[in-house]
Every structure is written in structure tokens, then in C-alpha cells.
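Subject: Structure handover

Hello,

Here is the structure for your work. My notes on it follow below.

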Amino acid sequence: MFKNINLIYYPVALITWFITILMISGCGATPEQAATCPIVKPLEQAAYLTKFKPDTGQDITDIIFNAKFHRIAGDCNITSDEINLNIMAEIIVEKIAVMNIENTNANMLVFIMSSDKKILNRKKIPLNFEFNDNQSNIRYIERFEVNIPKNDNQTGEDFIIYLAFELTHKELKFNRENNNF
């Protein structure tokens with residue numbers, strides 16, 4: 001019944017299994033490498049932007065474009081006195097067909113907050129969405145750095161970073177009324 005088993009592969013499989021277990025357990029990781037990066041996520045009510053024509057209502061024919069955060073990724077380096085993050089925000093932008101625009105603008109806000117929700121710093125990043133030819137949708141990628149000073153007792157878990165579109169009162173009201181979060 002077992003005569004077709006090749007016993008040469010058994011030690012190789014055992015060694016592979018052992019090496020995998022060592023890698024999963026994190027052997028050799030320094031405390032700084034094992035440290036947790038701050039959470040980076042969209043601010044719920046400002047993660048979606050519907051931009052209307054100036055001095056108009058909120059009808060579908062008044063919309064210039066819609067934008068939303070699609071994906072946020074990055075990495076961080078934590079030292080004894082600072083957390084350095086490299087963040088990539090991917091934004092999906094949809095131009096409304098009746099609008100004949102080649103590019104449009106918005107602003108992204110970056111809030112650095114403490115774990116008890118106090119704003120420690122705020123940064124505004126201008127975004128320029130460019131549409132080529134007959135494109136109606138684009139994926140826009142914004143890469144940026146965030147540096148957070150810290151003391152020896154703080155870790156990445158003591159901070160949270162929120163990304164948001166800068167909204168007018170009218171745009172925020174639209175998000176709330178249409179459950180765009």
C-alpha cells in the first residue's frame with residue numbers, strides 16, 4: 001500500500017516545514033521592526049466628493065465629477081523619536097458625461113490625530129485630476145509623506161491618520177443626505 005512513497009522527500013518536507021514555522025514566528029525581528037504603524041484611513045463623512053457647478057442646485061445635471069478614496073496603502077519606519085510614513089492614496093474620479101472638462105481640482109486633507117481623537121497636525125494637499133480624450137473615469141494616485149514626532153513611550157498605535165476631501169457645507173450636506181459614507 002505504501003510502496004510508492006519516496007522517503008527522500010520526507011526530510012526535505014520536514015526541513016521546509018521547520019523553516020516556515022521559524023519565519024512565521026518572527027525570529028530575528030527587532031522591536032522597531034515589530035512595531036505597529038499608525039492606522040491610515042478615510043474620514044467617514046468626507047471620503048466621497050460630489051463636486052457641483054458653482055451657483056447651482058444639487059440635481060444630477062449640476063454635477064461636475066464624483067471622487068472617492070479607493071485604496072490606501074503605505075509603510076512606516078519607527079525610531080525612538082519619530083514615525084515616518086510613506087502613504088499612497090488611490091482615488092477613483094468619475095467625470096459626468098455632460099461636462100466637457102479636461103481637468104479639475106480638489107484638495108485632500110490629512111489629519112494626524114492622537115488615540116484620544118485630538119488633532120495634532122493638519123496638512124492640505126492639492127489634487128489635479130486630468131482626463132485624457134474621452135475618458136470619463138480615472139484612477140488618481142497621490143503619494144506623500146507624514147512625519148510624526150513621538151516620545152519613547154509612544155508607538156504607532158498612539159496615532160491615527162485620517163484622509164478626507166476638503167468639502168464645502170453643501171458637499172458635506174449632500175454626503176450626509178445621500179449616505180455617501
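**Sheet, disulfide and aromatic cluster**

Ile39 in β1 has Ile160 of β8 as its bridge partner. The model is a predicted one, so please read what follows with that in mind.

The sheet

β1 and β8 (residues 159-165) run parallel and are joined by four bridges. They belong to an open sheet of four strands, ordered β1-β8-β5-β6, in which the pairing is mixed. At the edges sit β1 (39-42) and β6 (119-130), each of which pairs on one side only. On average, neighbouring strands of this sheet are turned by 20° against each other, with direction ignored. As background, the strands of a sheet pair through backbone hydrogen bonds, and this can be parallel or antiparallel.

The disulfide

How many disulfides are there? The count is one, and this disulfide joins Cys37 to Cys76, with an S to S distance of 1.9 Å. Cys37 is in the loop between α2 (31-34) and β1, while Cys76 is in strand β3 (residues 63-78), so the bond ties together parts that lie 39 residues apart in sequence. The torsion about the S-S bond of Cys37 and Cys76 is about -90°, and the disulfide is therefore left-handed. Cys37 has a relative accessible area of 32%, and it counts as partly exposed because that value falls between the 20% and 50% limits.

The aromatic pairs

The structure holds four aromatic pairs. One of them is Phe65 with Phe129, an edge-to-face pair at 5.8 Å centre to centre and with 70° between the planes. Phe65 belongs to strand β3 and Phe129 to strand β6, so this pair ties together parts 64 residues apart in sequence. Are these two rings buried or exposed? Phe65 is buried, at 0% relative accessibility, and Phe129 is buried, also at 0%.

Phe129 forms an aromatic pair with Tyr140 as well, again edge-to-face, with 5.0 Å centre to centre and 90° between the planes. This pair links distant parts of the chain, with Phe129 in strand β6 and Tyr140 in strand β7 (residues 137-149), 11 residues apart. Tyr140 has a relative accessibility of 15%, and it counts as buried because the limit is under 20%. Phe65, Phe129 and Tyr140 form one aromatic cluster.

Regards

Key. Residues are numbered from 1 along each chain as its sequence is written. This is a predicted model: local features need pLDDT of at least 70, side-chain atom pairs count only at pLDDT 80 or more; totals for chains, interfaces and linings use all residues. Side-chain values use heavy atoms; hydrogens and water are left out. Two strands pair if DSSP finds at least two bridges between them. Helices (H or I, at least four residues) and strands (E, at least two) are DSSP runs, numbered from the N terminus. Axes are lines fitted to C-alpha atoms, for helices over the stretch in contact, and angles run from 0 to 180 degrees between N-to-C directions. A disulfide is a pair of cysteine sulfur atoms within 2.5 Å. Buried means under 20% relative accessible area, exposed over 50%, partly exposed in between (1.4 Å probe, protein chains only). Rings of Phe, Tyr and Trp (its six-membered ring) pair if their centres lie within 6.5 Å; planes under 30 degrees apart count as stacked, over 60 as edge-to-face and the rest as tilted.
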